[in-house]
Amino acid sequence: MAVERLSKIPEADIDPSGVFKYVLIRVHSKDEDDSYVDIVRGYSWAEYHADIYDKVSGDLERAGGVDCECIGGGRIKHDSSEKKIHVYGYSMGFGRANHAVSTEKLKIRYPDYEITWANEGY
């Protein structure tokens with residue numbers, strides 16, 4: 001049941017273009033099998049990384065069966081016209097996300113994009 005529940009959660013959801021904050025969230029199953037999925041969420045409406053985490057984790061936890069933890073953040077520059085995404089920076093509150101993991105999640109969602117990452121920048 002846990003694997004099925006977790007597999008229904010999209011691993012990446014970001015705004016269609018622009019520069020914005022993002023968070024990497026680990027979604028744990030409440031079942032006793034220790035299963036989890038890491039998801040990327042990034043939106044321009046968020047003033048703080050915590051705004052994204054609070055909304056996404058609240059929605060997922062209210063739906064039931066999961067607990068969430070933020071395992072870092074950063075920024076995303078999404079250029080849909082050029083089909084490029086660049087992941088970089090960090091979150092003051094949550095620390096730097098593992099951008100390599102975030103990039104892999106984005107490559108699944110955007111297979112025809114050039115997706116890069118760097119630890120530099122804020």
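How many bridges join strand 4 (residues 66-79) to strand 5 (residues 84-88), and do these strands run parallel or antiparallel? In the predicted model, the two strands run antiparallel and are joined by 5 bridges. Within this pairing, Asp79 has Lys84 of strand 5 as its bridge partner. The hairpin that strand 4 and strand 5 form has 4 residues between the strands, and Lys83 takes a positive phi near 55° there.

On from this hairpin, the chain crosses from strand 5 through helix 3 (residues 99-109) to strand 6, in a β-α-β crossover that is right-handed. Strand 5 and strand 6 (residues 114-117) are paired in the parallel sense, with 4 bridges. In this pair, Ile85 stands opposite Ile115 of strand 6.

A second hairpin is formed by strand 2 and strand 3, with 6 residues between the strands. Asp34 in this hairpin takes a positive phi near 60°. Strand 2 (residues 18-29) runs antiparallel to strand 3, and 8 bridges join the two. His28 is found opposite Tyr36 of strand 3. Strand 3 is also joined to strand 1 (residues 12-14), here by 3 bridges and in the parallel sense. The bridge partner of Ala12 in strand 3 is Val40.

Burial of strand 3 was also examined. Of the 8 residues in strand 3 (residues 36-43), 7 are buried, so this strand is largely enclosed by the rest of the structure. Residues were counted as buried at under 20% relative accessible area.

Taken as a whole, the pairings give an open sheet of 6 strands in the order 1-3-2-4-5-6, with mixed pairing. The edges are occupied by strand 1 and strand 6; each has a single partner strand, so one side of each is left without a neighbour in the sheet. On average, and with direction ignored, neighbouring strands of the sheet are turned by 25° against each other.

Two helices were found to pack on this sheet. Helix 2 (residues 49-63) touches strand 2, strand 3 and strand 4, and its direction makes about 135° with that of strand 4. Helix 3 touches strand 1, strand 2, strand 3, strand 4, strand 5 and strand 6. The direction of helix 3 makes about 170° with that of strand 6.

Key:
Residues numbered from 1 in each chain as written. Predicted model: local features only at pLDDT ≥ 70, side-chain atom pairs only at ≥ 80, totals over all residues. Heavy atoms only, no water. Buried < 20%, exposed > 50% of the residue type's maximum accessible area, 1.4 Å probe, protein only. Pairing = 2+ DSSP bridges. Right-handed = clockwise from strand over helix to strand, strands pointing away. Axes fitted to C-alpha atoms, helices over the stretch in contact; angles between N-to-C directions. Contact = heavy atoms within 4.5 Å.
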